[in-house]
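Reader: Hi! I have a new structure open on my screen and would love some company while I look around. Could you walk me through it?

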Amino acid sequence: MNAIETVLQLAGSLGFVLYGMKLMSNGVQKSAGETLQRTLSKLTGNRFISLLTGLLITMIIQSSGATTVMVVSFVNAEMISLTQAIGVIYGANIGTTITAWIVSLFGFNFNITSFAIPLFGFGFLLTALSRLRKQNLGEAIMGFGLLFVGLSMLSQAITLDPATLTIIASMQGHGAGSILLGVATGIVITALLHSSSAMTAIILTMAYGGLVTWEFSAAMVIGSNVGSTIDSILASFGARVNARRSCLVHVLFNVTGAVLALIFFHPLLTLCTRIIPGPVEANIVYNIAMLHTLFNLLTALIFLPFVKQLAMLTEWLIKPNADEERLIYRLEFTELGFKENAAAAIIRAEKEINDFTDVATAMFDRIQMGFQDRSRTFIENHLQALEQSEQYADQMHEQLIRYLLHCEQLPVNDRQLNNLSTMIQIVDDLENMTDDCFSVGMLLARSIEKHMTFPQEDMDRLIPYVELARQFLQFVRININKHLNKDKLDMAHELEDHIDLFRNDLKKVARKRLESGADVKAELLYIDMVRQIEKIGDRAFSISRLLSQTL
(Lines give C-alpha, C1' and ligand atoms only; values in the text may rest on other atoms or scores of the structure.)
Protein backbone atom coordinates (compact mmCIF):
# COMPACT_ATOMS: atom_id res chain seq x y z
CA MET A 1 0.00 0.00 0.00
CA ASN A 2 2.89 2.36 0.77
CA ALA A 3 4.28 1.79 -2.73
CA ILE A 4 0.88 2.47 -4.34
CA GLU A 5 0.41 5.60 -2.24
CA THR A 6 3.85 6.89 -3.21
CA VAL A 7 3.26 6.26 -6.93
CA LEU A 8 -0.11 8.03 -6.79
CA GLN A 9 1.39 11.02 -4.97
CA LEU A 10 4.24 11.14 -7.50
CA ALA A 11 1.75 11.10 -10.37
CA GLY A 12 -0.40 13.82 -8.81
CA SER A 13 2.50 16.11 -7.93
CA LEU A 14 4.00 15.58 -11.39
CA GLY A 15 0.66 16.65 -12.85
CA PHE A 16 0.85 19.90 -10.84
CA VAL A 17 4.39 20.54 -12.13
CA LEU A 18 3.52 19.90 -15.77
CA TYR A 19 0.28 21.86 -15.68
CA GLY A 20 1.98 24.73 -13.85
CA MET A 21 4.70 24.91 -16.51
CA LYS A 22 2.12 24.74 -19.29
CA LEU A 23 0.00 27.47 -17.69
CA MET A 24 3.03 29.69 -17.15
CA SER A 25 4.28 29.20 -20.72
CA ASN A 26 0.82 29.76 -22.21
CA GLY A 27 0.29 32.94 -20.20
CA VAL A 28 3.63 34.40 -21.25
CA GLN A 29 3.07 33.46 -24.89
CA LYS A 30 -0.41 34.99 -24.94
CA SER A 31 0.79 38.24 -23.38
CA ALA A 32 4.10 38.64 -25.19
CA GLY A 33 4.31 35.65 -27.49
CA GLU A 34 2.92 37.27 -30.64
CA THR A 35 5.51 40.06 -30.44
CA LEU A 36 8.26 37.52 -29.85
CA GLN A 37 7.08 35.31 -32.69
CA ARG A 38 6.86 38.22 -35.10
CA THR A 39 10.40 39.15 -34.08
CA LEU A 40 11.48 35.62 -34.87
CA SER A 41 9.61 35.57 -38.19
CA LYS A 42 11.45 38.74 -39.30
CA LEU A 43 14.83 37.51 -38.11
CA THR A 44 17.78 38.89 -40.02
CA GLY A 45 21.50 39.07 -39.32
CA ASN A 46 24.28 36.63 -38.65
CA ARG A 47 24.47 33.41 -36.66
CA PHE A 48 25.22 35.26 -33.40
CA ILE A 49 22.05 37.36 -33.72
CA SER A 50 20.08 34.18 -34.45
CA LEU A 51 21.55 32.46 -31.39
CA LEU A 52 20.75 35.41 -29.12
CA THR A 53 17.20 35.59 -30.52
CA GLY A 54 16.60 31.92 -29.76
CA LEU A 55 18.15 32.33 -26.32
CA LEU A 56 16.03 35.33 -25.31
CA ILE A 57 12.74 34.00 -26.69
CA THR A 58 13.19 30.66 -24.92
CA MET A 59 14.14 32.34 -21.64
CA ILE A 60 10.95 34.40 -21.81
CA ILE A 61 8.46 31.74 -22.87
CA GLN A 62 10.20 28.98 -20.86
CA SER A 63 9.93 26.37 -23.59
CA SER A 64 12.64 25.36 -26.04
CA GLY A 65 10.08 23.03 -27.64
CA ALA A 66 7.77 25.95 -28.41
CA THR A 67 10.65 27.95 -29.88
CA THR A 68 11.80 25.04 -32.03
CA VAL A 69 8.26 24.40 -33.29
CA MET A 70 8.05 28.07 -34.30
CA VAL A 71 11.38 27.76 -36.09
CA VAL A 72 10.28 24.66 -38.03
CA SER A 73 7.02 26.40 -38.97
CA PHE A 74 8.72 29.60 -40.15
CA VAL A 75 11.35 27.71 -42.12
CA ASN A 76 8.53 25.70 -43.68
CA ALA A 77 6.88 28.97 -44.73
CA GLU A 78 10.26 30.27 -46.02
CA MET A 79 10.07 33.19 -43.58
CA ILE A 80 13.55 32.49 -42.24
CA SER A 81 16.42 30.61 -43.84
CA LEU A 82 17.82 27.27 -42.76
CA THR A 83 21.07 28.85 -41.54
CA GLN A 84 19.13 31.39 -39.45
CA ALA A 85 17.06 28.56 -37.99
CA ILE A 86 20.21 26.70 -36.93
CA GLY A 87 21.38 29.66 -34.85
CA VAL A 88 17.96 29.98 -33.20
CA ILE A 89 17.99 26.27 -32.31
CA TYR A 90 21.40 26.67 -30.67
CA GLY A 91 20.11 29.60 -28.62
CA ALA A 92 16.89 27.79 -27.66
CA ASN A 93 18.90 24.96 -26.10
CA ILE A 94 20.82 27.44 -23.94
CA GLY A 95 17.70 29.43 -23.03
CA THR A 96 15.89 26.37 -21.70
CA THR A 97 18.51 25.99 -18.93
CA ILE A 98 17.01 28.97 -17.07
CA THR A 99 14.32 26.67 -15.64
CA ALA A 100 16.93 24.60 -13.82
CA TRP A 101 18.36 27.71 -12.17
CA ILE A 102 14.92 29.00 -11.14
CA VAL A 103 14.10 25.68 -9.49
CA SER A 104 17.57 25.39 -7.91
CA LEU A 105 17.61 28.91 -6.49
CA PHE A 106 14.00 29.15 -5.30
CA GLY A 107 12.66 25.64 -5.08
CA PHE A 108 14.53 24.12 -2.13
CA ASN A 109 15.97 26.87 0.07
CA PHE A 110 12.78 27.74 1.93
CA ASN A 111 9.15 26.74 2.26
CA ILE A 112 8.03 27.42 -1.29
CA THR A 113 4.35 26.85 -0.53
CA SER A 114 4.47 29.88 1.78
CA PHE A 115 4.68 32.15 -1.27
CA ALA A 116 3.48 29.83 -4.06
CA ILE A 117 -0.12 29.62 -2.83
CA PRO A 118 -0.53 33.40 -2.32
CA LEU A 119 1.12 33.89 -5.72
CA PHE A 120 -1.42 31.57 -7.29
CA GLY A 121 -4.22 33.52 -5.59
CA PHE A 122 -2.84 36.82 -6.89
CA GLY A 123 -2.68 35.40 -10.41
CA PHE A 124 -6.26 34.21 -10.13
CA LEU A 125 -7.41 37.71 -9.12
CA LEU A 126 -5.75 39.14 -12.22
CA THR A 127 -7.58 36.65 -14.43
CA ALA A 128 -10.90 37.30 -12.65
CA LEU A 129 -10.75 41.10 -12.80
CA SER A 130 -11.47 41.60 -16.49
CA ARG A 131 -11.29 45.40 -16.22
CA LEU A 132 -7.54 45.19 -15.58
CA ARG A 133 -7.05 43.30 -18.86
CA LYS A 134 -4.23 41.28 -17.28
CA GLN A 135 -5.70 37.81 -17.74
CA ASN A 136 -2.67 36.50 -19.62
CA LEU A 137 -0.25 37.83 -16.99
CA GLY A 138 -2.45 36.33 -14.28
CA GLU A 139 -2.39 32.98 -16.04
CA ALA A 140 1.42 33.08 -16.15
CA ILE A 141 1.60 33.93 -12.42
CA MET A 142 -0.85 31.14 -11.57
CA GLY A 143 1.32 28.72 -13.54
CA PHE A 144 4.44 29.90 -11.72
CA GLY A 145 2.80 29.36 -8.34
CA LEU A 146 1.36 26.01 -9.35
CA LEU A 147 4.78 24.86 -10.55
CA PHE A 148 6.30 25.36 -7.10
CA VAL A 149 3.33 23.82 -5.34
CA GLY A 150 3.88 20.76 -7.54
CA LEU A 151 7.62 20.74 -6.78
CA SER A 152 6.89 20.86 -3.05
CA MET A 153 4.46 17.95 -3.35
CA LEU A 154 6.93 16.05 -5.54
CA SER A 155 9.68 16.53 -2.97
CA GLN A 156 7.42 15.25 -0.19
CA ALA A 157 6.36 12.25 -2.26
CA ILE A 158 9.96 11.31 -2.95
CA THR A 159 10.99 11.55 0.68
CA LEU A 160 7.98 9.61 1.96
CA ASP A 161 9.56 6.21 1.59
CA PRO A 162 12.59 5.95 -0.74
CA ALA A 163 12.76 2.20 -0.14
CA THR A 164 9.60 1.75 -2.18
CA LEU A 165 11.30 3.23 -5.23
CA THR A 166 13.74 0.34 -5.55
CA ILE A 167 13.56 0.35 -9.35
CA ILE A 168 15.37 3.69 -9.62
CA ALA A 169 17.82 2.71 -6.91
CA SER A 170 18.68 -0.53 -8.71
CA MET A 171 19.52 1.41 -11.90
CA GLN A 172 22.45 3.17 -10.22
CA GLY A 173 25.92 2.17 -9.11
CA HIS A 174 26.83 0.00 -12.11
CA GLY A 175 29.44 2.22 -13.77
CA ALA A 176 29.07 2.95 -17.49
CA GLY A 177 25.94 0.82 -17.67
CA SER A 178 24.14 3.06 -15.19
CA ILE A 179 25.22 6.17 -17.08
CA LEU A 180 23.80 4.84 -20.35
CA LEU A 181 20.66 3.74 -18.53
CA GLY A 182 20.30 7.25 -17.09
CA VAL A 183 20.62 8.76 -20.57
CA ALA A 184 17.96 6.37 -21.91
CA THR A 185 15.65 7.21 -18.98
CA GLY A 186 16.05 10.93 -19.67
CA ILE A 187 15.29 10.45 -23.37
CA VAL A 188 12.16 8.35 -22.84
CA ILE A 189 10.59 10.39 -20.02
CA THR A 190 11.28 13.73 -21.74
CA ALA A 191 9.78 12.46 -25.00
CA LEU A 192 6.66 11.36 -23.09
CA LEU A 193 6.40 14.66 -21.19
CA HIS A 194 7.27 16.81 -24.24
CA SER A 195 9.28 19.06 -21.92
CA SER A 196 12.98 18.95 -21.05
CA SER A 197 12.37 21.75 -18.53
CA ALA A 198 9.84 19.63 -16.64
CA MET A 199 12.19 16.66 -16.74
CA THR A 200 15.02 18.77 -15.37
CA ALA A 201 12.78 19.96 -12.53
CA ILE A 202 11.95 16.35 -11.72
CA ILE A 203 15.65 15.37 -11.77
CA LEU A 204 16.48 18.26 -9.45
CA THR A 205 13.75 17.22 -7.04
CA MET A 206 14.86 13.57 -7.02
CA ALA A 207 18.49 14.60 -6.51
CA TYR A 208 17.56 16.95 -3.66
CA GLY A 209 15.64 14.13 -2.00
CA GLY A 210 18.65 11.84 -2.25
CA LEU A 211 16.92 9.44 -4.62
CA VAL A 212 19.46 9.71 -7.46
CA THR A 213 23.22 10.20 -7.42
CA TRP A 214 25.18 13.04 -9.00
CA GLU A 215 26.36 10.89 -11.92
CA PHE A 216 22.93 9.40 -12.63
CA SER A 217 21.33 12.86 -12.48
CA ALA A 218 23.88 14.18 -14.97
CA ALA A 219 23.20 11.26 -17.31
CA MET A 220 19.44 11.90 -17.20
CA VAL A 221 20.00 15.61 -17.94
CA ILE A 222 22.03 14.69 -21.03
CA GLY A 223 19.32 12.26 -22.11
CA SER A 224 16.57 14.84 -21.61
CA ASN A 225 18.24 17.09 -24.18
CA VAL A 226 17.95 14.32 -26.76
CA GLY A 227 14.33 13.60 -25.79
CA SER A 228 13.42 17.27 -26.22
CA THR A 229 13.73 16.91 -30.01
CA ILE A 230 10.40 15.06 -30.14
CA ASP A 231 8.37 18.26 -30.65
CA SER A 232 10.39 19.42 -33.66
CA ILE A 233 10.20 15.91 -35.15
CA LEU A 234 6.41 15.89 -34.86
CA ALA A 235 6.17 19.44 -36.23
CA SER A 236 8.18 18.44 -39.33
CA PHE A 237 5.71 15.75 -40.46
CA GLY A 238 4.19 16.81 -43.78
CA ALA A 239 6.40 19.91 -43.90
CA ARG A 240 8.54 21.15 -46.76
CA VAL A 241 12.12 20.09 -47.28
CA ASN A 242 13.82 22.94 -45.36
CA ALA A 243 11.53 22.43 -42.36
CA ARG A 244 12.54 18.76 -42.28
CA ARG A 245 16.16 19.83 -42.54
CA SER A 246 15.82 22.22 -39.58
CA CYS A 247 14.32 19.36 -37.57
CA LEU A 248 17.31 17.18 -38.51
CA VAL A 249 19.62 19.99 -37.37
CA HIS A 250 17.93 19.95 -33.96
CA VAL A 251 18.30 16.17 -33.69
CA LEU A 252 21.93 16.14 -34.91
CA PHE A 253 22.86 19.02 -32.62
CA ASN A 254 21.36 17.48 -29.49
CA VAL A 255 22.48 13.91 -30.21
CA THR A 256 26.04 14.91 -31.12
CA GLY A 257 26.21 17.11 -28.04
CA ALA A 258 25.04 14.19 -25.91
CA VAL A 259 27.68 11.89 -27.44
CA LEU A 260 30.43 14.45 -26.76
CA ALA A 261 29.17 14.91 -23.20
CA LEU A 262 29.31 11.15 -22.64
CA ILE A 263 32.83 10.91 -24.08
CA PHE A 264 34.00 13.66 -21.73
CA PHE A 265 31.52 12.75 -19.00
CA HIS A 266 33.80 12.78 -15.96
CA PRO A 267 35.83 15.88 -17.00
CA LEU A 268 32.51 17.70 -17.55
CA LEU A 269 31.29 16.71 -14.08
CA THR A 270 34.63 17.76 -12.57
CA LEU A 271 34.37 21.16 -14.24
CA CYS A 272 30.92 21.66 -12.72
CA THR A 273 32.07 20.73 -9.22
CA ARG A 274 35.00 23.17 -9.47
CA ILE A 275 32.73 26.02 -10.53
CA ILE A 276 30.18 25.31 -7.75
CA PRO A 277 31.97 25.51 -4.37
CA GLY A 278 31.44 23.01 -1.57
CA PRO A 279 30.67 19.28 -1.46
CA VAL A 280 28.68 17.91 -4.40
CA GLU A 281 26.07 16.24 -2.19
CA ALA A 282 25.35 19.48 -0.33
CA ASN A 283 24.96 21.52 -3.54
CA ILE A 284 23.76 18.87 -5.94
CA VAL A 285 20.91 20.97 -7.38
CA TYR A 286 23.32 23.79 -8.28
CA ASN A 287 25.73 21.31 -9.84
CA ILE A 288 22.91 19.85 -11.96
CA ALA A 289 21.83 23.32 -13.08
CA MET A 290 25.44 24.18 -13.93
CA LEU A 291 25.85 20.92 -15.85
CA HIS A 292 22.69 21.65 -17.84
CA THR A 293 23.98 25.13 -18.72
CA LEU A 294 27.56 24.09 -19.52
CA PHE A 295 26.42 21.15 -21.63
CA ASN A 296 24.21 23.31 -23.87
CA LEU A 297 26.54 26.34 -23.90
CA LEU A 298 29.67 24.37 -24.82
CA THR A 299 27.81 22.39 -27.48
CA ALA A 300 26.50 25.62 -29.05
CA LEU A 301 29.99 27.19 -29.01
CA ILE A 302 31.48 24.09 -30.64
CA PHE A 303 28.85 24.01 -33.38
CA LEU A 304 28.49 27.77 -33.98
CA PRO A 305 31.40 28.07 -36.48
CA PHE A 306 29.92 25.24 -38.56
CA VAL A 307 26.43 26.58 -39.25
CA LYS A 308 26.85 26.60 -43.04
CA GLN A 309 28.51 23.18 -43.06
CA LEU A 310 25.68 21.73 -40.96
CA ALA A 311 23.12 23.25 -43.34
CA MET A 312 24.96 21.69 -46.30
CA LEU A 313 25.02 18.31 -44.55
CA THR A 314 21.26 18.34 -43.97
CA GLU A 315 20.69 19.43 -47.59
CA TRP A 316 22.74 16.42 -48.70
CA LEU A 317 20.93 14.04 -46.34
CA ILE A 318 17.36 15.24 -47.01
CA LYS A 319 16.31 15.69 -50.63
CA PRO A 320 13.04 17.31 -51.79
CA ASN A 321 10.09 15.01 -52.35
CA ALA A 322 8.92 14.49 -55.91
CA ASP A 323 5.88 16.73 -55.45
CA GLU A 324 8.04 19.54 -54.04
CA GLU A 325 9.86 19.80 -57.35
CA ARG A 326 6.56 20.21 -59.20
CA LEU A 327 4.13 23.11 -58.91
CA ILE A 328 2.08 21.56 -56.09
CA TYR A 329 0.99 23.55 -53.07
CA ARG A 330 1.17 21.99 -49.60
CA LEU A 331 0.05 23.57 -46.34
CA GLU A 332 -0.27 21.18 -43.43
CA PHE A 333 -1.76 22.14 -40.08
CA THR A 334 0.15 20.51 -37.20
CA GLU A 335 -2.14 20.73 -34.19
CA LEU A 336 0.58 19.59 -31.77
CA GLY A 337 2.92 22.29 -32.98
CA PHE A 338 0.38 25.13 -33.06
CA LYS A 339 -1.95 24.32 -30.17
CA GLU A 340 0.14 26.41 -27.80
CA ASN A 341 1.45 28.77 -30.50
CA ALA A 342 -1.67 30.27 -32.04
CA ALA A 343 0.17 33.48 -32.98
CA ALA A 344 2.80 31.46 -34.85
CA ALA A 345 0.05 29.70 -36.83
CA ILE A 346 -1.51 33.07 -37.76
CA ILE A 347 1.86 34.51 -38.79
CA ARG A 348 2.35 31.46 -41.00
CA ALA A 349 -1.07 32.06 -42.59
CA GLU A 350 -0.18 35.71 -43.24
CA LYS A 351 2.96 34.58 -45.07
CA GLU A 352 0.91 32.22 -47.24
CA ILE A 353 -1.58 35.00 -48.04
CA ASN A 354 1.32 37.22 -49.02
CA ASP A 355 2.50 34.46 -51.37
CA PHE A 356 -1.04 34.14 -52.75
CA THR A 357 -0.98 37.86 -53.56
CA ASP A 358 2.32 37.35 -55.39
CA VAL A 359 0.74 34.58 -57.47
CA ALA A 360 -2.15 36.84 -58.50
CA THR A 361 0.21 39.73 -59.29
CA ALA A 362 2.49 37.51 -61.39
CA MET A 363 -0.53 36.24 -63.37
CA PHE A 364 -1.66 39.80 -64.06
CA ASP A 365 1.85 40.75 -65.20
CA ARG A 366 1.65 37.96 -67.79
CA ILE A 367 -1.67 39.16 -69.22
CA GLN A 368 -0.35 42.73 -69.29
CA MET A 369 2.45 41.46 -71.54
CA GLY A 370 -0.23 39.95 -73.77
CA PHE A 371 -1.94 43.33 -74.19
CA GLN A 372 1.36 44.97 -75.08
CA ASP A 373 2.31 42.25 -77.62
CA ARG A 374 -0.85 40.50 -78.81
CA SER A 375 0.83 37.75 -80.84
CA ARG A 376 1.54 34.00 -80.83
CA THR A 377 4.43 34.73 -78.48
CA PHE A 378 1.93 35.30 -75.67
CA ILE A 379 0.32 31.88 -76.21
CA GLU A 380 3.67 30.10 -76.46
CA ASN A 381 5.34 31.78 -73.47
CA HIS A 382 2.54 32.61 -71.07
CA LEU A 383 -0.70 30.69 -71.57
CA GLN A 384 0.47 27.37 -70.09
CA ALA A 385 2.13 29.20 -67.18
CA LEU A 386 -1.15 31.02 -66.52
CA GLU A 387 -3.04 27.72 -66.45
CA GLN A 388 -0.50 26.19 -64.03
CA SER A 389 -0.67 29.26 -61.79
CA GLU A 390 -4.48 29.14 -61.77
CA GLN A 391 -4.41 25.48 -60.72
CA TYR A 392 -1.81 26.30 -58.06
CA ALA A 393 -4.03 29.14 -56.81
CA ASP A 394 -6.97 26.73 -56.54
CA GLN A 395 -4.81 24.46 -54.35
CA MET A 396 -3.75 27.44 -52.23
CA HIS A 397 -7.36 28.52 -51.79
CA GLU A 398 -8.58 25.11 -50.66
CA GLN A 399 -5.72 24.41 -48.26
CA LEU A 400 -5.49 27.94 -46.87
CA ILE A 401 -9.22 28.01 -46.05
CA ARG A 402 -8.91 24.66 -44.31
CA TYR A 403 -5.83 25.92 -42.43
CA LEU A 404 -7.54 29.14 -41.31
CA LEU A 405 -10.58 27.21 -40.10
CA HIS A 406 -8.22 25.08 -37.99
CA CYS A 407 -6.65 28.28 -36.64
CA GLU A 408 -10.06 29.50 -35.49
CA GLN A 409 -10.24 26.44 -33.21
CA LEU A 410 -7.00 27.41 -31.45
CA PRO A 411 -6.99 29.40 -28.17
CA VAL A 412 -7.09 32.81 -29.91
CA ASN A 413 -8.31 36.13 -28.55
CA ASP A 414 -11.13 38.22 -30.04
CA ARG A 415 -8.78 40.35 -32.15
CA GLN A 416 -7.11 37.30 -33.65
CA LEU A 417 -10.48 35.65 -34.29
CA ASN A 418 -11.72 38.76 -36.11
CA ASN A 419 -8.58 38.88 -38.22
CA LEU A 420 -8.85 35.17 -39.08
CA SER A 421 -12.40 35.72 -40.34
CA THR A 422 -11.15 38.62 -42.47
CA MET A 423 -8.28 36.52 -43.81
CA ILE A 424 -10.72 33.85 -45.00
CA GLN A 425 -12.61 36.47 -47.03
CA ILE A 426 -9.34 37.85 -48.44
CA VAL A 427 -8.31 34.36 -49.57
CA ASP A 428 -11.67 34.00 -51.36
CA ASP A 429 -11.12 37.32 -53.15
CA LEU A 430 -7.58 36.36 -54.15
CA GLU A 431 -8.77 33.08 -55.63
CA ASN A 432 -11.48 34.91 -57.60
CA MET A 433 -8.85 37.37 -58.78
CA THR A 434 -6.65 34.57 -60.15
CA ASP A 435 -9.71 33.12 -61.92
CA ASP A 436 -10.32 36.54 -63.50
CA CYS A 437 -6.67 36.79 -64.60
CA PHE A 438 -6.89 33.37 -66.25
CA SER A 439 -10.15 34.33 -67.95
CA VAL A 440 -8.54 37.45 -69.43
CA GLY A 441 -5.61 35.34 -70.60
CA MET A 442 -7.97 32.91 -72.32
CA LEU A 443 -9.85 35.77 -74.01
CA LEU A 444 -6.57 37.21 -75.26
CA ALA A 445 -5.48 33.81 -76.56
CA ARG A 446 -8.84 33.36 -78.34
CA SER A 447 -8.54 36.74 -80.04
CA ILE A 448 -5.06 35.80 -81.25
CA GLU A 449 -6.03 32.32 -82.46
CA LYS A 450 -9.15 33.62 -84.25
CA HIS A 451 -7.08 36.42 -85.85
CA MET A 452 -9.45 39.03 -84.51
CA THR A 453 -8.39 42.56 -85.33
CA PHE A 454 -9.05 45.68 -83.28
CA PRO A 455 -8.41 49.30 -84.26
CA GLN A 456 -5.06 50.46 -82.90
CA GLU A 457 -6.67 53.32 -80.98
CA ASP A 458 -8.90 50.80 -79.17
CA MET A 459 -5.88 48.76 -78.04
CA ASP A 460 -4.11 51.98 -77.06
CA ARG A 461 -7.08 52.83 -74.82
CA LEU A 462 -6.76 49.46 -73.07
CA ILE A 463 -3.09 49.97 -72.10
CA PRO A 464 -3.68 52.68 -69.42
CA TYR A 465 -6.78 50.81 -68.23
CA VAL A 466 -4.76 47.65 -67.68
CA GLU A 467 -1.96 49.67 -66.08
CA LEU A 468 -4.43 51.22 -63.63
CA ALA A 469 -5.59 47.74 -62.60
CA ARG A 470 -1.96 46.68 -62.17
CA GLN A 471 -1.35 49.67 -59.88
CA PHE A 472 -4.32 48.58 -57.77
CA LEU A 473 -2.89 45.06 -57.50
CA GLN A 474 0.47 46.48 -56.45
CA PHE A 475 -1.31 48.61 -53.84
CA VAL A 476 -2.89 45.45 -52.41
CA ARG A 477 0.40 43.55 -52.61
CA ILE A 478 2.26 46.23 -50.67
CA ASN A 479 -0.44 46.53 -47.98
CA ILE A 480 -1.49 42.89 -47.61
CA ASN A 481 -1.69 41.76 -43.95
CA LYS A 482 -1.58 45.41 -42.81
CA HIS A 483 -4.33 47.58 -41.38
CA LEU A 484 -5.41 50.23 -43.89
CA ASN A 485 -6.04 53.62 -42.33
CA LYS A 486 -8.56 56.12 -43.73
CA ASP A 487 -6.05 57.80 -46.05
CA LYS A 488 -5.05 54.53 -47.69
CA LEU A 489 -8.65 53.39 -47.95
CA ASP A 490 -9.42 56.69 -49.70
CA MET A 491 -6.61 55.88 -52.15
CA ALA A 492 -8.25 52.53 -52.82
CA HIS A 493 -11.59 54.29 -53.39
CA GLU A 494 -9.92 56.61 -55.88
CA LEU A 495 -8.34 53.74 -57.81
CA GLU A 496 -11.68 51.91 -57.90
CA ASP A 497 -13.48 55.02 -59.20
CA HIS A 498 -10.88 55.54 -61.94
CA ILE A 499 -11.23 51.94 -63.10
CA ASP A 500 -15.03 52.24 -63.18
CA LEU A 501 -14.84 55.45 -65.26
CA PHE A 502 -12.41 53.83 -67.67
CA ARG A 503 -14.67 50.78 -68.00
CA ASN A 504 -17.71 52.89 -68.81
CA ASP A 505 -15.83 54.87 -71.49
CA LEU A 506 -14.38 51.74 -73.11
CA LYS A 507 -17.77 49.97 -73.19
CA LYS A 508 -19.43 53.05 -74.76
CA VAL A 509 -16.83 53.14 -77.52
CA ALA A 510 -17.28 49.41 -78.18
CA ARG A 511 -21.06 49.77 -78.41
CA LYS A 512 -20.70 52.63 -80.89
CA ARG A 513 -18.49 50.42 -83.05
CA LEU A 514 -21.09 47.65 -82.89
CA GLU A 515 -23.78 50.09 -84.01
CA SER A 516 -21.59 51.19 -86.93
CA GLY A 517 -21.26 47.59 -88.18
CA ALA A 518 -18.01 46.36 -86.61
CA ASP A 519 -17.26 42.63 -86.13
CA VAL A 520 -19.74 41.49 -83.48
CA LYS A 521 -17.60 38.63 -82.10
CA ALA A 522 -14.53 40.82 -81.82
CA GLU A 523 -16.36 43.67 -80.10
CA LEU A 524 -18.15 41.36 -77.64
CA LEU A 525 -14.80 39.76 -76.77
CA TYR A 526 -13.33 43.23 -76.31
CA ILE A 527 -16.17 44.11 -73.90
CA ASP A 528 -15.62 40.83 -72.03
CA MET A 529 -11.94 41.68 -71.53
CA VAL A 530 -12.88 45.13 -70.23
CA ARG A 531 -15.41 43.59 -67.84
CA GLN A 532 -12.97 40.95 -66.54
CA ILE A 533 -10.28 43.53 -65.84
CA GLU A 534 -12.86 45.63 -63.99
CA LYS A 535 -13.66 42.56 -61.87
CA ILE A 536 -10.00 42.36 -60.87
CA GLY A 537 -10.27 45.95 -59.68
CA ASP A 538 -13.41 45.03 -57.73
CA ARG A 539 -11.54 42.19 -55.99
CA ALA A 540 -8.68 44.55 -55.13
CA PHE A 541 -11.10 47.06 -53.63
CA SER A 542 -12.87 44.32 -51.65
CA ILE A 543 -9.52 43.23 -50.18
CA SER A 544 -8.71 46.87 -49.35
CA ARG A 545 -11.98 47.24 -47.43
CA LEU A 546 -11.29 44.01 -45.55
CA LEU A 547 -7.79 45.21 -44.63
CA SER A 548 -9.31 48.40 -43.20
CA GLN A 549 -11.36 46.19 -40.85
CA THR A 550 -8.38 44.32 -39.36
CA LEU A 551 -7.49 45.10 -35.76
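Author: Happy to! Let me start with one residue: R477 counts as partly exposed because its relative accessible area is 35%, between the 20% and 50% cut-offs. Do keep in mind that this is a predicted model.

Reader: Good to know. Which residue does the R477 side chain meet in a salt bridge?

Author: That is D358, with N and O 2.8 Å apart. This pair ties together distant parts of the chain: D358 sits in helix α19 and R477 in helix α22, 119 residues apart.

Reader: Nice. And D358, how accessible is that one?

Author: D358 has 28% relative accessibility, so it counts as partly exposed.

Reader: What does T357 in helix α19 touch?

Author: Leaving aside neighbours within four places in sequence, T357 contacts L430, V476, R477 and I480. R477 is thus on the contact list of T357 and is also the salt-bridge partner of D358.

Reader: Is T357 buried or exposed?

Author: T357 is buried, because its relative accessible area is 2%.

Reader: How many salt bridges are there in the whole structure?

Author: A search finds ten. Another one in α19 pairs R348 with E352, with the closest N and O atoms 3.0 Å apart.

Reader: How far along the helix are R348 and E352 from each other?

Author: They are four residues apart in α19, which means about one helical turn separates them.

Reader: Are those two buried or exposed?

Author: R348 is buried, since its relative accessible area is 2%. E352 is buried as well, because its relative accessibility is 0%.

Reader: OK, what about E467 in α22, which residue pairs with that?

Author: R470 does, and the closest N and O atoms are 3.0 Å apart. The two are three residues apart in helix α22, so about one helical turn lies between them. R470 is partly exposed because its relative accessible area is 23%, and E467 is partly exposed because its value is 25%. There is also a network in which salt bridges with shared partners join D500, R503 and E534.

Reader: Let me zoom out. How many helices and strands does the chain have?

Author: It has 24 helices and zero strands. Of the 551 residues, 55% are buried.

Reader: And how do contacts spread along the sequence?

Author: Taking contacts between residues at least 6 apart in sequence, 82% join residues at least 24 apart.

Reader: Which residues have the most contacts inside the largest nonpolar core?

Author: Those are I353, F364, F371, I426, L462, F472 and I543, in a core of 73 residues. Helices α19, α20, α21, α22, α23 and α24 each supply at least two residues of this core, and α21 gives the most, with 14.

Reader: I clicked on F472. What does it touch?

Author: Not counting residues up to four places away in sequence, F472 touches A492, L495, E496, I499, G537, A540, F541 and S544. Besides the core that holds F472, there is a second, separate one of 40 residues, including F265, C272, I276 and L291.

Reader: Now the outside. Which residues form the nonpolar patch on the surface?

Author: L271, I275, L297, L298, L301 and I302 form it, with about 480 Å² of accessible area together. Helices α14 and α15 each supply at least two of its residues, and the largest share, four residues, comes from α15. L301 lies in α15 and counts as exposed because its relative accessibility is 52%.

Reader: Back inside, then: how many residues of α10 are buried?

Author: Twelve of its 13 are, so to speak of α10 as mostly covered is fair by definition. The helix covers residues 196-208 and reaches 18 Å from its first C-alpha to its last, close to the 18 Å expected. Just after α10, G210 takes a positive phi of about 80°.

Reader: And how many in α11?

Author: There, 13 of the 14 residues are buried. Helix α11 spans residues 214-227 and reaches 20 Å end to end, C-alpha to C-alpha, close to the 20 Å expected.

Reader: Last one: what does L119 in helix α6 touch?

Author: L119 touches I141, F144 and G145, again not counting residues up to four places away in sequence. L119 is partly exposed, because its relative accessibility is 23%.

How values were computed:
Residues are numbered from 1 along each chain as its sequence is written. This is a predicted model: local features need pLDDT of at least 70, side-chain atom pairs count only at pLDDT 80 or more; totals for chains, interfaces and linings use all residues. Side-chain values use heavy atoms; hydrogens and water are left out. Buried means under 20% relative accessible area, exposed over 50%, partly exposed in between (1.4 Å probe, protein chains only). Contact means heavy atoms within 4.5 Å. Patches are made of residues with over 30% relative accessible area and no salt bridge: like charges are joined within 9 Å, nonpolar side chains (Val, Leu, Ile, Met, Phe, Trp, Tyr) within 5 Å. Accessible areas come from the Shrake-Rupley method with a 1.4 Å probe; for residues, only the protein chains shown count as cover. A salt bridge is a side-chain nitrogen of Lys or Arg within 4 Å of a carboxyl oxygen of Asp or Glu. The expected span of a helix is 1.5 Å times one less than its number of residues. A nonpolar core is a set of buried Ala, Val, Leu, Ile, Met, Phe, Trp, Tyr and Cys residues joined through side-chain atoms within 4.5 Å.
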